[in-house]
Amino acid sequence: MNQNKNKIHFAWWILIGVSIMVGLTRGGLNSSGGLFLTPVTQDLGIRMGDLNIYFSIASIVTMIFLPIAGKMMAKYNIRGLLMVAAVLQAGSFAMFGFMSSVWGWYLFSIPMAVGAVFLTQMAGPVLINNWFKKNKGLMIGIMMAVSGGLGAVLQPIVGTLIANEGWRNAYIIVGVAVIIIVIPVVFFTLRMSPKEKGLQPYGADEVTEEDETETPVLEKGVTLGVAKKSSALYALIAFFFFITAIGCFAQHVPTFAVGLGYDGIFASNAMAGWMVGALLGALAFGFLTDKIGARNTAIFAMVLGLVPVTILLTSADNSVMFSIAMVIFGFVVASIGTLGPLLTSALFGNKEYSQIYAIVALGLAVAGIVALPGYGYIYDATGSYTPVLIGIACMMVINILLIILAFNGKKKLEKAGAFN
C-alpha cells in the first residue's frame, strides 16, 4: 500500500506509452497519408482514384484481421506483438518511398494495415481497460487527444519534408523515425496486465466498494439476438457508415487545398488545424455526452458539421476561412472515436456490448472501403470536390434522422421489455 502511495502508479506510464504510440501511428502515419497523394499522382502519372484504392485494401484487411488480432493479444506477449506491428506498419509506410507503380501501394497496404490494427485500434482501449478501473472514458479521451495533438505537430513537419526532400525521402524518413521511437516506448512502458508488475489496476480500491451497486447497471441491456431485430441497430450501422465516410474526407484535404491554388505547406498546416480540432473534439464529446446525453451530442455534432461544409462551399478561396473550416471539421470528425462506443451503450446497454459493437463497426469498415476511392474518382471525373462536399452535407442531415430513428427503436425495445 505504501509503495502505491509513494510511487507513480505504473498505469500512468501505460497511458503515456499508448498515447505516444497511437499518436505517432494514428495521428502521424495514418493521418499524413493524404499529404502524399497529390505529389505521388503527379510524379508517377497515377489517377487519384486508383491510388486511393490502397486505403480501401487497408480497410478490408482491417475488417478481416480485427478478430484475429484480438485472439493474438490474448495469447502472445503484448510488447513483442506491438514491436512487430510497428515494423509492419511503419516499415510498409517507408517502403512506399521505393515504389514506382500503384501496385506497390496495393501490396504494402496489407502489412501496413495488419500492424495498424494492433497499434491504432486494439492496444490502446485494451490496455487502458486493464490498467484503469475508474475514469476509463476520460483516459481514452486523453489518449485520442494526444493522438490529435501529435498529429497537429507532425502534419506540417511531413508537409515540409515532402516539399524539401521529395515524397520518396519523406516516406522513408517518417516511417523509419516512427519505428525508432515506437519500439523503445513499447518495450519500456507497456505491459498487458498489472499482475506483471505486482500491482492492482489504478483505482481498484475505490471501485471495490461500489461493485455491488454498479454491477447490475453495467449488465443491463439487450442481447445481440434482440438487437438484430431492432431498427436501432441498422440505424446505428448506417450512422457509423456515414460519419466515417465524412471523416474519410481528411485524406483528400491536401489535394483539395492544392487544387484551389494553395501550396503543399499550407495544405499540411490545414491538416494540422484538422488535428487540433480532433484533439479538442476527443475531450469535448465525452464531456458533452455526460452533460446532455449521447443522442443530443450526436445531433449537435452533425449540425455543427454543416458549418465547415458551408464555409468550404462558399469561401474556400479565403485562406483564413479555409483554416477555420478545417479546425471545425476535425472537431466534428473526432466524434467517430468517442460517440461510436457511447451511442452503442446508450442504445443497447452493456449486457452484450462487445458483440453488438462488433456488428455496428461494420459500418466503419465499409465506409473506408467505399468512400476513400469514391471521393478520388469523383475528383478525377469532375476536377472538383464540390460534389463531395454537397454529399457530405447530405450525410450530416441523414445522420440526424438516423439518430432520431435509432433512439425511437430503443423506446420500442424498452416498451417490449427487452432491457433486463
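Helices here are DSSP runs of H or I with at least four residues, numbered from the N terminus. Keep in mind that you're looking at a predicted model.

**Stop one: His252.** Select His252 and you'll land in the loop that links α11 (231-247) to α12 (253-259). Is His252 buried or exposed? Its relative accessibility is 0%, so His252 counts as buried, the cut-off being under 20%. Now show what packs around the side chain and backbone: setting aside neighbours within four places in sequence, His252 is in contact with Asn52, Leu372, Tyr375, Gly376 and Tyr385.

**Stop two: the nonpolar patch.** Switch to a surface view and pick Ile60, Met63, Ile64, Ile68, Leu362, Val366 and Val370; together they make a nonpolar surface patch of about 540 Å². Colour α4 (48-75) and α17 (362-382), since each of these helices supplies at least two of the patch residues. Which helix gives the largest share? That's α4, with four residues. Zoom in on Ile64, which sits in α4. With a relative accessibility of 54%, Ile64 counts as exposed, because the bar for that is over 50%.

**Stop three: Lys410.** Next, jump to helix α18 (residues 386-415) and select Lys410. This lysine has a relative accessible area of 17%, so Lys410 is buried. What does Lys410 touch, leaving aside neighbours within four places in sequence? Light up Ala232, Ala346, Leu347 and Phe419, which are its contacts.

Methods. Residues are numbered from 1 along each chain as its sequence is written. This is a predicted model: local features need pLDDT of at least 70, side-chain atom pairs count only at pLDDT 80 or more; totals for chains, interfaces and linings use all residues. Side-chain values use heavy atoms; hydrogens and water are left out. Buried means under 20% relative accessible area, exposed over 50%, partly exposed in between (1.4 Å probe, protein chains only). Contact means heavy atoms within 4.5 Å. Patches are made of residues with over 30% relative accessible area and no salt bridge: like charges are joined within 9 Å, nonpolar side chains (Val, Leu, Ile, Met, Phe, Trp, Tyr) within 5 Å. Accessible areas come from the Shrake-Rupley method with a 1.4 Å probe; for residues, only the protein chains shown count as cover. A salt bridge is a side-chain nitrogen of Lys or Arg within 4 Å of a carboxyl oxygen of Asp or Glu.
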